[in-house]
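Student: I should like a close look at the salt bridges of this model. Please take one pair as the starting point and then set the others beside it.

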Amino acid sequence: MASVLRLGELYQQSAGPRSLVDTIIKGDCVAALEALPDQSVDAIFADPPYNLQLGGALTRPDQSLVDAVDDEWDQFASFEAYDAFTRAWLLACRRVLKPNGTIWVIGSYHNIFRVGATLQNLNFWILNDVIWRKTNPMPNFKGRRFQNAHETLIWASRDPKAKSYTFNYDAMKASNDDVQMRSDWLFPICNGGERLKDADGRKVHPTQKPEALLARIIMASTKPGDVVLDPFFGSGTTGAVARRLGRHFVGIEREDSYIAAAAARIAAVEPLGKAELTVMTGKKAEPRVAFNVLVESGLVRPGQVLTDAKRRWSAIVRADGTLAAGGEAGSIHRLGARVQGLDACNGWTFWHVEEQGSLRPIDDLRARIRKEMAGLE
Ligand SMILES: C[S@@+](CC[C@H](N)C(=O)[O-])C[C@H]1O[C@@H](n2cnc3c(N)ncnc32)[C@H](O)[C@@H]1O
């Protein structure tokens with residue numbers, strides 16, 4: 001569910017053992033971030049004020065008023081003031097992010113370049129800029145520039161050298177008809193039944209983001225059970241999607257009305273089950289199993305003869321997990337290459353064992369061990 005904390009309570013709690021996850025913190029995001037423990041979240045999604053700088057009311061050609069974002073929270077006195085604010089919250093985010101954590105920041109041409117420069121100045125490492133192309137963007141009413149049909153997301157790791165950040169590459173590819181997921185994403189803006197409305201049918205929040213966008217982000221860059229922080233929680237889109245996808249959230253928001261709407265929204269979410277949330281992984285994510293493990297576990301015996309698929313070459317398994325053939329010895333890969341006169345060989349697919357009258361690659365035995373390791377057998 002979602003509990004709500006005032007900033008003062010947060011200061012008391014963060015010194016104590018109680019967990020802050022699945023909580024909306026009411027207050028200024030910089031102060032709230034500063035009260036959170038170091039390296040306590042796995043990922044951050046931030047949808048900050050864009051500083052849209054709207055000069056007066058925006059009208060359509062028929063003189064009707066456009067429902068534009070003219071809220072006080074989106075207004076800054078100058079670019080310098082906006083940059084100082086951006087630097088303060090990004091710095092605070094960096095401290096609470098785990099060393100292998102990543103941050104997503106969404107913005108438009110009004111602010112995203114300033115945010116990108118600040119990210120780099122603070123030593124974040126940009127991994128991608130993703131274009132969210134809108135299927136149903138607002139027209140350009142004055143006809144004096146191109147229709148603004150996209151927003152930009154920057155995805156960055158906390159540290160330039162971070163190698164082990166989460167990216168569910170295989171799941172993204174499999175969900176994209178087995179084609180690598182690209183950095184241009186097509187989604188409609190938040191509309192229809194998903195858009196939160198008050199009793200008078202007015203939008204609860206002017207910039208509610210589509211759940212599909214958050215789902216793509218969370219599925220791509222977090223694991224079930226991870227904690228996703230959103231310092232500009234608004235209507236709680238991040239919390240609702242995180243809860244549905246079996247992740248935890250921490251939200252920070254200043255406005256009471258948005259907090260109330262977000263808490264009610266999250267309470268209505270039914271989390272998916274463990275089976276639906278298992279993340280698909282590819283070969284690279286599988287645990288390393290050395291040939292020696294097959295010998296130690298008795299799947300291959302010392303003295304056993306291995307051959308290639310056509311029985312042209314053979315080698316004897318030694319107790320130390322190496323192979324010997326024709327006066328030479330070495331690993332399954334090196335000896336496989338030597339007998340064929342090649343520079344390299346994948347010993348797992350080259351060498352075979354005889355089982356019940358037929359040959360099978362030793363890679364099948366390795367797969368058996370991996371299944372046991374995963375508790376599947
Ligand atoms: C662009 S909106 C986020 C909308 C959100 N992603 C959603 O889907 O509903 C930015 C939000 O940040 C809040 N906000 C602005 N400045 C803040 C600050 N300094 N501390 C905390 N919240 C802030 C605003 O009240 C607003 O709800």
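Tutor: In this predicted model, Glu354 and Arg311 join their side chains in a salt bridge, with an N to O distance of 2.9 Å. The two residues come from distant parts of the chain, 43 residues apart: Glu354 belongs to strand β14 (residues 352-355), while Arg311 sits in the loop between β10 (305-307) and β11 (314-317). Glu354 has a relative accessibility of 45% and is therefore classed as partly exposed. Arg311, at 47%, is likewise partly exposed, because only values over 50% count as exposed.

A second pair also links distant parts of the chain. Asp256 and Arg6 form a salt bridge whose closest N and O atoms are 3.8 Å apart, a separation that qualifies because the cut-off is 4 Å. Here Asp256 lies in helix α8 (residues 256-267) and Arg6 in strand β1 (residues 3-6), with their positions 250 residues apart in the numbering. Asp256 is partly exposed, its relative accessible area being 45%, and Arg6 is partly exposed at 43%.

The pair of Arg366 and Asp363 is a local one. Their closest N and O atoms are 2.8 Å apart in a salt bridge, and both residues belong to helix α13 (residues 362-373), where they are 3 residues apart, about one turn of the helix. Both Arg366 and Asp363 are buried.

Beyond these pairs, salt bridges connect Glu355, Arg360, Asp364 and Arg368 into a network. The structure has 20 salt bridges in total.

Terms used. Residues numbered from 1 in each chain as written. Predicted model: local features only at pLDDT ≥ 70, side-chain atom pairs only at ≥ 80, totals over all residues. Heavy atoms only, no water. Helix = DSSP H or I, 4+ residues; strand = E, 2+ residues; numbered from the N terminus. Buried < 20%, exposed > 50% of the residue type's maximum accessible area, 1.4 Å probe, protein only.
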